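Here are some notes for a colleague who is opening this structure for the first time. They are set out as numbered points, to be read beside the sequence and the 3D view.

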Amino acid sequence: QVQLVESGGGLVQPGGSLRLSCAASGSIFGIFSMGWYRQAPGKQRELVADITSDGSKRYADSVKGRFTISRDNVKNTVYLQMNSLKPEDLAVYYCNAYIVERLGDPPYELWGQGTQVTVSI
């Protein structure tokens, strides 16, 4: 069974940095896009950033210039480096990936369990 395991969340002061990691484990033939979404209290889940298998990246306007997404295709891991954090970045951050388990299978979407990021004095 394939799963996504996130790490790296926590409490940080405004202006600080955190690095999130998400590793996919299990029987995996390939992974198309990997990304990060977040859900703040009382708000809908939104895309933060994603990256395709060939390295194309997208960012939400609110994080451009502050967050950087990267991935290690050998380790099946995606990272989110978050700098200059603001109180409005407070949310649960979810890892997302489109997984192919076997050659010829269609990709399916998988979510991590979420990791809390709190930005506060």
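**Notes on the structure**

1. A good place to begin is Ser84, which counts as partly exposed because its relative accessibility is 41%. This residue sits in the loop between β8 and β9, the latter spanning residues 91-100. Its phi is positive, at about 50°, although Ser84 is not a glycine. Please keep in mind throughout that the model is a predicted one.

2. A second residue can be read alongside it. Asn76 belongs to the loop between β7 (67-72) and β8 (77-82), and its phi, near 50°, is likewise a positive value in a residue other than glycine. The reason for pointing out such values is that most residues other than glycine have a negative phi.

3. Turning to the chain as a whole, the protein chain contains 11 strands and 0 helices, so that from the N terminus on the order of elements is simply β-β-β-β-β-β-β-β-β-β-β. Among the contacts with a separation of 6 or more, 56% are made by residues that lie 24 or more positions apart.

4. As to overall dimensions, the radius of gyration of the protein chain is 14 Å, which agrees with the value near 14 Å that a compact globule of 121 residues would have. Taken along the principal axes, the C-alpha atoms fill a box of roughly 50 × 25 × 25 Å, and the reader may wish to hold both descriptions in mind when turning the model.

5. On the surface and the charges, buried residues make up 42% of the 121 residues in the protein chain. The exposed area is about 6500 Å², and carbon and sulfur atoms supply 50% of it. There are 12 positive and 11 negative side chains, and the centres of these two sets lie 5 Å apart.

6. Which rings form the aromatic pair, and how are their planes set? The count comes to 1 aromatic pair, and it is formed by Tyr37 and Trp111, whose ring centres are 5.0 Å apart and whose planes stand at 70°, so the pair is edge-to-face. Because Tyr37 lies in strand β4 (residues 30-39) and Trp111 in strand β10 (residues 108-111), the pair ties together parts that are 74 residues apart in sequence. Trp111 itself is partly exposed, given a relative accessible area of 32%.

7. Strand β10 also holds Glu109, which is partly exposed, with a relative accessible area of 37%. Apart from neighbours within four places in sequence, Glu109 is in contact with Asn96, Ala97 and Tyr98. For the first-named of these partners, Asn96, the C-alpha atom is separated from that of Glu109 by 7.2 Å, with their positions 13 residues apart along the chain.

8. Strand β4 deserves a second look, since Gly35 has its place there. Is Gly35 buried or exposed? Its relative accessibility is 0%, and Gly35 therefore counts as buried. Setting aside residues up to four places away in sequence, Gly35 touches Ala49, Asp50, Ile69, Tyr94, Cys95 and Asn96. A further distance to check is that from Gly35 to Leu80, which are 45 residues apart in sequence but 8.6 Å apart in space, C-alpha to C-alpha.

9. Arg38 lies in strand β4 as well, and, although its side chain is that of an arginine, its relative accessibility of 6% means that Arg38 counts as buried. Leaving out neighbours within four places in sequence, its contacts include Gln44, Arg45, Glu46, Asp89 and Tyr93. The C-alpha atoms of Arg38 and Cys95 are separated by 8.7 Å, while the two residues are 57 residues apart along the chain.

10. The last residue to visit is Leu20, in strand β3 (residues 18-25), which is buried, with a relative accessible area of 0%. Beyond its neighbours within four places in sequence, Leu20 is in contact with a list of residues including Ser7, Trp36, Val78, Leu80, Tyr93 and Val117. Of these, Tyr93 is 73 residues away from Leu20 in sequence, and the two C-alpha atoms are 8.7 Å apart in space.

Conventions: Residues numbered from 1 in each chain as written. Predicted model: local features only at pLDDT ≥ 70, side-chain atom pairs only at ≥ 80, totals over all residues. Heavy atoms only, no water. Helix = DSSP H or I, 4+ residues; strand = E, 2+ residues; numbered from the N terminus. Rg over C-alpha atoms; globule rule 2.2 N^0.38 Å. Buried < 20%, exposed > 50% of the residue type's maximum accessible area, 1.4 Å probe, protein only. Contact = heavy atoms within 4.5 Å. Areas by Shrake-Rupley, 256 points an atom, 1.4 Å probe, with all protein chains shown as cover. Lys, Arg positive; Asp, Glu negative; His and termini not counted. Charge placed at Lys NZ, Arg CZ, Asp CG, Glu CD. Phe/Tyr/Trp six-rings, centres within 6.5 Å; stacked < 30°, edge-to-face > 60°.
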